[in-house]
Amino acid sequence: MTDRKRVLPGKLISSSVGIAVLLTGCGGGGGGSDDDLGLGDGVADISGIIEIAAGTRVDGDYADLWAATGSGSDATVSLPVPSTTGGYLSDRAGQYDSGLEYPEDPDDTYQVPLVDGDRYFLQCFSATGADADTLKATLVLNLDGNLTEIEDACGEGVTVNTSGSATFTISANDGGPFRYVLSIAPKTSLSALDVSWPEPPLRVDQAIVSGSAAVANTLSSSGLRASSVMELERSIGPDTWQVRRKSGASALSGVAGGTQDARAETIEWIQGMREEFGIDVEPNYEFRLTALTGSNPFYADPDDWNLAAIRMDDVWSSGAALTGAGVGVAVMDTGMFSTTPDSYSNWHEDLVHNVVKKGGILDFVNPDYDVDGQEGRDEVPGTPITPANPAATSFHGTHVAGIIAAEDNSVGTVGIAHQATIIPYRVLGVGPVDGEDGTGAVSDLIAAINNAATDRTDVDVINLSLGGLPPVEALQDATDLAYDNDILVVAAGGNSGDASAVYPAANQRVVGVGATNREGELASYSNFGQSVDLLAPGGSLNDGIVNAYGKVSGESLSDDYAYLAGSSMAAPHVAGVYALMKGVQDITPVQFRAQLIAGDLTTTVGPDGTYELDNYTLYGAGLLDANRAVSNIDSFPTVVSAWPRVVELSPSGSERQVLLEVLKHSAENDPRISGSPDLPAAFTLTDNEGNPISSGDAIPDAVRISVNPDAVSGDRPLVEEIRIPYSNGTDSFDLKIPVYVQAADTSGDRDAGRHYVLLLDADDFDSSRSRQVLADYSNGQYRFAIDDVAPGDYILVAGTDLDNNGYVCESGEACAEYPETGRRQVISIGEGDLQLDMSTSFRRPAIAEMGLPRYGFRGYPVPGHQTGTRPDRSLAE
């Protein structure tokens, strides 16, 4: 372990695990050894409150409670909406290798009032030491007598289409022991329903470093310690580099605990570099294409319902020369289909004349995942055959390019901008699993975007039909650079069917696109909320979108067509319409975004004529309307954009900063606030310095929104829209900021199960210095006290052990970490009593909240629990 930095209370540093917080009483403190434990001077008493997150409930007869008391309650548990409920099931009783036992518990029952649009999701987690193939559950929903039964229900999510009193019965179907979490949320909820510790795929032993040129000199300086733990691999853009961990180099710092694997060691290495060298370092995350394979056959006269949905017939019948000619569209994807993928030629017959005639570096897939026979970057972006599984070769990029610019010829399909120039970038290759085509590294994507922005002059719009990334600062820098160089970036909004933020679509100034089905409704898989600025046709699994593809026969390739669905297909509709517009008039990304915000590019259609629920705009500006877009080419309204686009607040009175950006023509006056904001009673609105927003004020760089907890109902979430009027003297608009606040859940029924509070030696969780107590539950919260703690460095955590396997905080169990779950910090305890409060939930924070992911984490061992010695209330201190 390296020496830890110590900071004063109230100035917590959250950059990484391994940073200490000095908490002392009046007598100072520090140091400490095992000899200090429990006796004599220099000890502290620690107490605290553990708040339970709103909507948290627990199974009435989970294993830990059953084993501790000899009896449990199998009564039906009532749930609110939204709610997150943890539980335990097993179709048999048995024993873990540690000697701890688990009981038989065949089913659990819950009651909840549901309304149309509510969603539920069941996620299951095999108990540590149990066989993964025993993870089986059946879920039966009885909604006012209408039964829905799902076998192998783990991982299944459903949206209900009616209102009524619902009973959920979850049964162990020839499986167990396992933990589960049943999540229920209204359609308007922004929270992702996945409750596991996030483990996004990354490239082991690789990282991205950002900074000035001096940073590069520092990292490459042979006289510094940096040279012993990393080496520069390549530049991937202005002041941005990809680095690799040197073979045999160990992590520079870390905190004990958790099963170490190569991914976890990579994160510790990154944490260490941040702390030791004070540089910006991020993981080299992986991402994937965002398409779903359709099942439709392709006919000679393909179905172009998607073009009709955005009114392309009206565009083409207008008589105007709307072809996208002269506009360059960079499709950053799996590359381009070619019958000779090792040469820059022989493109798909429906795109051959529209692929850029000269190359440059267009293949950015690095050697780790490159199977084209040419290691590293090269000038040939042809899609190679996947060696291990030729049938799985993906021509996803060709399909995307066809939606944008398939030629108007006698075969196949017609693209939206059928004379636009396609610049095919290859950023997706073959993943770590044999035959898994369509995986990329964020370093390659960053390099490709920076290349388009700085090394080429023929790129006007970048299409990114890919996603699955957490926020990456270097990627935001790259998309900002493209935008600043007048290149519009369009990205797929995601296919997880919820409001979770998907990057790069959720990046500021990137246009994120959700998907509709043939009926003009939001597709069941499509994301909404933060990642979606508008909608476009994406199809469904049984009713996809047809376009160019490729066919593999042995070692030969031939032209083909395929039906695909997904937000991957929605994004190129927007890129194509932008190319149409720019082919007529030299519009800019600023102008396009201004038109989007003003509603000049979309129409509000759907089953009820609108894409709004409870005054809360889930789906951005609505459905793309190509005819409106080309009709409004000349408009350049003065508007203000807000980021994040949608604000989520907790019912306990949290605050959120929203960045504002003015989009205007250079000849117009700067806009100013033109009236009193339309502010629902529950909220407070100020500028970034805490001043009220008043008529006549200039548009601030940011505003802060907070909620009054007393104004939040305990029944359903609060869904409102804040409107701020503004004008430049000619144009007048309202800045609309949707705000979502989870239901307060003030009934006192919050319960996350029996909580073990662990004070763990920061250097060795198994040390005799580590302590455990049981928290006392009362009226929706826990209280704990740990007496006579010797000075030293500790980790404070708490959680349930629903399956009685001796670990808390596993996925599927409630977990609290000090000071915040996902951002645990070392506490350097001196003399004096301390009050340390936490919050607990079955949910897990997103990467954006954690800073860095946590890999291979199996939870925290309860002292004495692993050996079969059952902690009970007699051990509470």
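**Close-up views of a predicted model**

**View 1. Helix H8, residue by residue.** Val-442, Ser-443, Asp-444, Leu-445, Ile-446, Ala-447, Ala-448, Ile-449, Asn-450, Asn-451, Ala-452 and Ala-453 are the buried residues of H8. Buried here means under 20% relative accessible area, with exposed over 50% and partly exposed in between (1.4 Å probe, protein chains only); helices (H or I, at least four residues) and strands (E, at least two) are DSSP runs, numbered from the N terminus. That makes twelve of the 13 residues, so H8 is largely enclosed by the rest of the structure. Helix H8 covers residues 442-454 and reaches 18 Å from its first C-alpha to its last, close to the 18 Å expected at 1.5 Å a residue. The expected span is 1.5 Å times one less than the number of residues in the helix.

A word on the model itself: it is predicted, so local features need pLDDT of at least 70 and side-chain atom pairs count only at pLDDT 80 or more, while totals for chains, interfaces and linings use all residues. Residues are numbered from 1 along each chain as its sequence is written, and side-chain values use heavy atoms, leaving out hydrogens and water.

**View 2. The largest nonpolar core.** A nonpolar core is a set of buried Ala, Val, Leu, Ile, Met, Phe, Trp, Tyr and Cys residues joined through side-chain atoms within 4.5 Å. This one has 120 residues, and Met-332, Leu-445 and Ile-462 touch the most other members. Helix H10 (residues 567-584) supplies the largest share, ten residues. Zoom in on Ile-462: leaving aside neighbours within four places in sequence, its contacts (heavy atoms within 4.5 Å) include Ala-330, Met-332, Ile-449 and Val-490. There's also a second, separate core of 38 residues, with Tyr-96, Ile-786, Ala-814 and Tyr-818 among them.

**View 3. Helix H4 and what comes after.** The 16 residues of H4 (residues 262-277) should span 22 Å at 1.5 Å a residue, and the end C-alpha atoms are indeed 22 Å apart. Its buried residues include Ile-267, Trp-269, Ile-270 and Met-273, along with Glu-268 and Glu-275. Next along the chain is Gly-278, with a positive phi near 65°.

**View 4. A four-stranded open sheet with a helix on it.** The strand order is E36-E38-E41-E40, paired antiparallel; two strands pair if DSSP finds at least two bridges between them. E36 (639-643) and E40 (683-687) sit at the edges with a single partner strand each, so one side of each has no neighbour in the sheet. Neighbouring strands are turned by 30° against each other on average, direction ignored. Five bridges hold the antiparallel pair of E36 and E38 (residues 655-663), with Val-640 opposite Val-662 in E38. Helix H11 (residues 589-598) packs on the sheet, touching E36 and E38, and its direction makes about 85° with that of E36. Axes are lines fitted to C-alpha atoms, for helices over the stretch in contact, and angles run from 0 to 180 degrees between N-to-C directions.

**View 5. The E17-E18 hairpin.** E17 (residues 230-237) and E18 (residues 240-245) pair antiparallel over six bridges, and Met-230 stands opposite Arg-245 in E18. Two residues lie between the strands, and Asp-239 in the turn has a positive phi of about 55°.

**View 6. Confidence along the chain.** The average pLDDT (the predictor's confidence in each residue, from 0 to 100) is 84, and 86% of the residues score at least 70. Over residues 1-41 the pLDDT is below 50, and it stays under 50 over residues 866-877. Where pLDDT is low, the predicted coordinates should not be read in detail.
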